[in-house]
Amino acid sequence: MSHTTPHADSVAPQLPLAPSRELRGVSRPSGAVLLSHGLLYGILTVYVSVIYAIVVTCGGFIYYWSTIAPWWFNLLTVLIIAATVLPVHTWLRSSIDRLVYDWHDNPYAALSELRQHLDREPDQTPQAIVLTIITTIAATLRLPYVAITTDLGFGLQSTTYGTQLANTERVTISITYGSAQVGALHTAARRPNESLSTNDLRLLNDLARQVGITLHAARLSDALQDSRTQLVTAREEERRRIRRDLHDGLGPTLAALRLQLSALRHTVGHNPDATQLIDELRADVRAATGEIRRLVYDLRPPMLDEFGLLGALRNLELTSDGMERSIEAPAELPPLPAAVEVALYRIAAEALHNSARHAQATRCTIRLALNAALLTLTVTDNGSGLPTPYLAGVGHNSMHERAAELGGSLSILPAPTGGTCVTATFQLKVV
Amino acid sequence: MNRPRSHTIAAVLIVLYSLISLMFELPNLMQGPGELAPGVEGPPVFLTIINFTLLILGLVSAYGVWQGQKWGVLLAIIVAALSALSGIPAILFAPFLALRLSGVLGVIWSAAIIVLLLRPRPNPITA
């Protein structure tokens, strides 16, 4: 079996569509129909005969080798056949159709197969969707080579299944959505010196129309996720800027104002009205400073700016209550956007909180791993695990939401060694 | 070789069935119609010839299945169905219990081959 080898090629700006083979309507080959029907009803006949022979022979055995079974054995035979012949017929028909036609004459079944594969994992990335499409087309049509060229947001990319055999004609079919071209489907014949049949091409064209809709939807979904990520990233960057301004600008200004009020209080001497007024002003300034400090903390965890993400996570380790904790992380991380730092910090804090408060864990490990394009945070504890039945609460939903809004993913699963394992993964392209 | 595991098993079953049956059919074919036991006639010659032909075709179809050819699969299914059909007289009319049981065994064997050959191929996505 060919293995899947997706790869990205740089291709010309124009999608390579020509030359496509023109399709004309062709009636179903009568030979295939005869073969399919012959096999189906031939095997069914054998099935019925065999059931009859076996049941009647058993009846004969029961009646001491009598050659004629009692009448009710015939009735039993009819009942067994009546009860089983329809499921056998259904299974045989689909199996024989799959074998004889290889989906050629059943585009609905091929489309249904494609839809089922796509539905199996509804949250796939556009790249994974393209891979699913080409592997499904290759499997249903028994094609050794299928490729799709499309723009998934990184310029034109070609995703390939299998390899084109030597001496085979390469066929390219346009993938469109409405009047817009969204990609191209490339394939080739199954054997050297052969070409794809008109039925193959007709089915591929039918599939290409559905693929066009799917690709268009995937691109829209991806663009929407990108917009969402940009919004969240911009929001967190803006929060960081506002926090810096408050902390470095307004905070010192208020502190200076308070000092000046103290100096003014000494200057006015024993005027009780003025002293009372100044004291009230100092109390107001103190309250405003406290409010600014609270705002600064709410905008962004201060430890992130003071110690960086790794330092903040280590500090989180120190300030969390009673558990034995450890942290495993690379010595240094690349610069991360504020949004990702905050998301990782908040998710780790929430997971630790849950471990201590709800799972009664005594030990917890925080792992931060940077692997190729993935940044992964794993928090594992040895607590009582997830409740049964599991129902996500506010904290878990919040963690999911924080990961999803940056295009990442989060899973909360039982840990292999008992307890709970929270894993948050972010794509570095987002980062 | 693009051949599912079920087809490999089916090809092995076909070869085993054909070789074992040939060991019994060849003497019948060489000696012509005879007696299974004193006073008990053996199978008719035409049935022996049909069985022998099916066994040879079975070996050919096993080669086709092994090579991953569609014609091999189709031929193997047809041969298995006809083999099952030819086993029915043995189940109904064979004079000995052993012969009847061998008929039932042949039918089960043929059914297993058909089921294995008609099983859907595993999808590369989930394989």
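How many residues does the contact take from chain B, and how many from chain A? I opened the notebook with this question, keeping in mind that what I have in front of me is a predicted model. The contact, as I read it, takes 19 residues from chain B and 20 residues from chain A. On the chain B side, I find that α3 (70-93) and α4 (97-118) each supply at least two residues to the surface that touches chain A. Of the elements of chain B, α3(B) gives the most to that side, with eight residues. Sorting the chain B side by class, I get 16 nonpolar, two polar and one charged residues.

**Chain B, overall**

I then went through chain B by itself and noted four helices and two strands, which follow the pattern α-β-β-α-α-α when read along the sequence. Buried residues make up 31% of the 127 residues in this chain. I also looked up how its contacts are spread along the sequence: among those between residues at least 6 apart, 58% join residues at least 24 apart.

**Helices α1 and α2 of chain B**

My next entry concerns helix α1 (residues 5-31) and helix α2 (residues 45-66) of chain B, whose axes come within 9 Å and cross at roughly 155°. Since an angle over 145 degrees counts as roughly antiparallel, I record α1(B) and α2(B) as therefore roughly antiparallel to each other. I noted the handedness as well, with α1(B) passing α2(B) in a left-handed crossing. The residues of this contact divide into 13 nonpolar, eight polar and one charged. On the α1(B) side I listed, among others, B:His7, B:Ala10, B:Ile14, B:Tyr17, B:Leu22 and B:Leu29, and these belong to a set that meets α2(B) residues including B:Thr48, B:Phe52, B:Leu55, B:Gly58, B:Val65 and B:Trp66.

**The nonpolar cores**

Which residues touch the most other members of the largest nonpolar core? That core holds 36 residues, and the ones I was looking for are B:Ala10, B:Ala76, B:Ile113 and B:Leu117. Elements from both chains enter the core: α1 (30-62) and α2 (71-101) of chain A, together with α1, α2, α3 and α4 of chain B, each give two or more residues to it. The element that gives the most is α3(B), with 11 residues, and I note that α3(B) also gives the most to the side of chain B that touches chain A.

I followed B:Ala10 a little further, since this residue of α1(B) is also listed in the contact with α2(B). Not counting residues up to four places away in sequence, B:Ala10 touches B:Val65, B:Ala76, B:Ile113, B:Leu116 and B:Leu117. Apart from this core lies another, of 32 residues, and among its members I wrote down A:Ala343, A:Leu344, A:Cys364 and A:Leu377.

**Chain A, overall**

Turning to chain A, I recorded nine helices and nine strands, and buried residues amounting to 27% of the 431 residues. Among its contacts between residues at least 6 apart in sequence, 68% join residues at least 24 apart.

**Helices α5 and α6 of chain A**

How do helix α5 (residues 198-268) and α6(A) lie, given that their axes come within 9 Å? The two axes cross at roughly 165°, and α5(A) and α6(A) are therefore roughly antiparallel to each other. The crossing is left-handed, and the contact has, by class, 18 nonpolar, five polar and six charged residues.

**Two residues of chain A**

Is A:Val296, which I found in helix α6 (residues 272-299) of chain A, buried or exposed? The cut-off for buried is 20 or more C-beta neighbours, and A:Val296 counts as buried because it has 20 of them inside 10 Å. Leaving out residues up to four places away in sequence, A:Val296 touches A:Arg243, A:Leu246, A:His247 and A:Pro302. I also looked up its separation from A:Arg244, which is 52 residues apart from A:Val296 in sequence and 8.2 Å apart in space, C-alpha to C-alpha.

My last entry is on A:Gly162, which has its place in strand β2 (residues 156-162) of chain A. With 21 C-beta neighbours inside 10 Å, A:Gly162 counts as buried. Its C-alpha atom and that of A:Ile134, 28 residues apart along the chain, are separated by 9.7 Å.

Definitions and conventions. Residues are numbered from 1 along each chain as its sequence is written. Chains are lettered from A and ligands numbered from 1 in the order in which they are written. This is a predicted model: local features need pLDDT of at least 70, side-chain atom pairs count only at pLDDT 80 or more; totals for chains, interfaces and linings use all residues. Axes are lines fitted to C-alpha atoms, for helices over the stretch in contact, and angles run from 0 to 180 degrees between N-to-C directions. Angles under 35 degrees count as roughly parallel, over 145 as roughly antiparallel, 65 to 115 as roughly perpendicular and the rest as oblique. A crossing is left-handed if the near helix is turned anticlockwise from the far one by less than a right angle, and right-handed if clockwise. Two residues are in contact if their C-beta atoms, placed from the backbone, lie within 7 Å. Ala, Val, Leu, Ile, Met, Phe, Trp, Tyr, Cys and Pro count as nonpolar, Asp, Glu, Lys and Arg as charged, and the others, Gly among them, as polar. A residue is buried if 20 or more other C-beta atoms lie within 10 Å of its own, exposed if 12 or fewer, and partly exposed in between; C-beta atoms are placed from the backbone. A nonpolar core is a set of buried Ala, Val, Leu, Ile, Met, Phe, Trp, Tyr and Cys residues joined through C-beta atoms within 7 Å.
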